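The following exercises concern helix packing and a chain interface. Please work through each task before reading its solution.

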Amino acid sequence: MSAPSARTGYVTILRRDLLLAWRRRGEAAFPVLYALIVATLFPFALGPEGALLARIAAGVVLVTVLLAMLLALDGLFRPDVEDGSLEQLLLAPQPLGLLLAAKILAHWLTTALPLLLASPLLAAMLHLPVAVLPVLLVALALATPLMSLLGALVVALTVGTRRSGMLLALMLLPLMVPVVIFAAGAVSAAQQGLPFIAPLAWLGAALVLALVLAPAACAAALRIALDA
Amino acid sequence: MNPRPPPAVATLLEVRELAFARRDEPVFGPLDFDLESGEIGLVEGDNGSGKTTLLRILAGLLHASSGTVRVDGLAAGDPAAAGTALLLGHQLGLKADLSVRENLATAAGLYGRRERCGLDDTLVEVGLEGYADVPVRQLSAGQKKRAALARLRLLPARLWLLDEPFANLDRAGIALVNRLLDVQVASGGAALVTTHGAVSFRDQATRRIALS
């Protein structure tokens, strides 16, 4: 009776969460629709002047995508807490951090990836110059996993509290300020024809750090949250 | 991972002066008891006497206020002890959108599987024949319970921590729980079962732990 390998555990959770998302695939469209509607509101509020929109486009897309992810984050651990499967996860003879990394990856794939795919459409709606689009996509590809990892940590900390949605926003969004600065900085540098590698490299470094630390921190936070 | 051969009689659970207080309000304890392989412990107490809390402490989910718990010789919550104990709580830990088969495969992927224990045979044993591919959402409360019992049968845990296993079950289901407990005891495992005393329990219960 030896326990399955950590790899088996990781794949098991990844497959389970992807399968669950597939069973409720309609819900995957919600964050995308939300981002689409929010991005549509800006031209109405500011007027359809192309030059103005082009200047703010990257920032609007970035913030909209992050806010859409924020709405979906609450679903990361809450269903598992409610049906008791999180307890089974905690008690399994597996490294909890690794299982949570699988959950976070599945969550990123099912919420952030659709947003990433929709972001060229959002950018086009806001007259972002096509030449800058690749930089925006790279910035988003680095910023969204950071949002998922930091978000998972905050969700784990607040999972024991009721009505944690607002608390989640208040705790997580300040943490995202540096991410927004570097991601938006890269795009605006590219827009002005300046070098944009440095801010992207900073995002990449932060992502590596979060990849290593966040799942383990998340595991500790969940153990504390359930110990009440 | 750690192929320790199970000794003939092992003390699977060792509880010493275990007490729990919620906001300085004592809930139970101090408790002292052992549970050896081949034994079934019956935790008795009224609603609110801390039966669920006790099981959560023994599983390592909750910290006791004082006292020690050792599972198979290791401190509760020690990663090396993980997987020895299996908790069946009020929340069954089943995903409503997944089928019975997918739920059990997930559990086996995390905890491993008992030797010579096929999924389909197990489903027959717990009376869920033909329900393997039905989403758990569509099962009745009793059938969900049976699906969770199938997990007990399938996973290799030597110590079962069962919180009100008889709830929601019909007569045949109660007999099923007793049969599963028999198999567990015969294979050198042990189980700790909570009940508020409404169910006429098998007379083999070898140890009674009263919470007041």
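Each exercise below gives a task and then a stepwise solution, all referring to a predicted model.

**Exercise 1.** Determine how helix 2 of chain A and helix 6 of chain A are oriented to each other, and which residues form their contact.

*Solution.*
Step 1. Helix 2 of chain A spans residues 29-46 and helix 6 of chain A spans residues 96-125; their axes come within 10 Å and cross at roughly 15°.
Step 2. Angles under 35 degrees count as roughly parallel. The two helices, helix 2 and helix 6 of chain A, are therefore roughly parallel to each other.
Step 3. Their crossing is right-handed.
Step 4. Helix 2 of chain A contributes A:P31, A:V32, A:A35, A:L36, A:A39 and A:T40 to the contact, and helix 6 of chain A contributes A:P114, A:L115, A:A118, A:L121, A:L122 and A:M125.
Step 5. By class, these residues comprise 11 nonpolar, 1 polar and no charged.

**Exercise 2.** Establish whether helix 3 of chain A runs roughly parallel or roughly antiparallel to helix 6 of chain A, and describe the contact.

*Solution.*
Step 1. Helix 3 of chain A (residues 50-73) packs on helix 6 of chain A at an angle of about 155°, and the axes are 10 Å apart.
Step 2. An angle over 145 degrees counts as roughly antiparallel. Helix 3 of chain A is therefore roughly antiparallel to helix 6 of chain A.
Step 3. The crossing of helix 3 and helix 6 of chain A is right-handed.
Step 4. From helix 3 of chain A, the residues in contact are A:V61, A:V65, A:A68, A:M69, A:A72 and A:L73; they meet A:H107, A:T111, A:A112, A:L115, A:S119, A:L122 and A:A123 of helix 6 of chain A.
Step 5. This contact divides into 10 nonpolar, 3 polar and no charged residues.

**Exercise 3.** Characterise the packing of helix 7 of chain A with helix 9 of chain A by orientation, handedness and residue class.

*Solution.*
Step 1. The axes of helix 7 (residues 133-158) and helix 9 (residues 197-226) of chain A come within 8 Å and cross at roughly 20°.
Step 2. Helix 7 and helix 9 of chain A are therefore roughly parallel.
Step 3. Helix 7 of chain A passes helix 9 of chain A in a left-handed crossing.
Step 4. The contact has 23 nonpolar residues, 1 polar residue and no charged residues.

**Exercise 4.** Describe the interface of chain A and chain B, including its salt bridges.

*Solution.*
Step 1. Chain A supplies 33 residues to the contact and chain B supplies 31 residues.
Step 2. About 2800 Å² is buried between the chains, with 56% given by carbon and sulfur atoms.
Step 3. There are 5 salt bridges across the interface.
Step 4. The side chains of B:K95 and A:D80 form a salt bridge, at 2.4 Å from N to O.

Technical notes: Residues numbered from 1 in each chain as written. Chains lettered and ligands numbered in written order. Predicted model: local features only at pLDDT ≥ 70, side-chain atom pairs only at ≥ 80, totals over all residues. Heavy atoms only, no water. Axes fitted to C-alpha atoms, helices over the stretch in contact; angles between N-to-C directions. Helix = DSSP H or I, 4+ residues; strand = E, 2+ residues; numbered from the N terminus. Parallel < 35°, antiparallel > 145°, perpendicular 65-115°, else oblique. Left-handed = near helix turned anticlockwise from the far one by under 90°. Contact = heavy atoms within 4.5 Å. Nonpolar A, V, L, I, M, F, W, Y, C, P; charged D, E, K, R; others polar. Buried area = accessible area lost by both parts, 1.4 Å probe. Salt bridge = Lys/Arg side-chain N within 4 Å of Asp/Glu carboxyl O.
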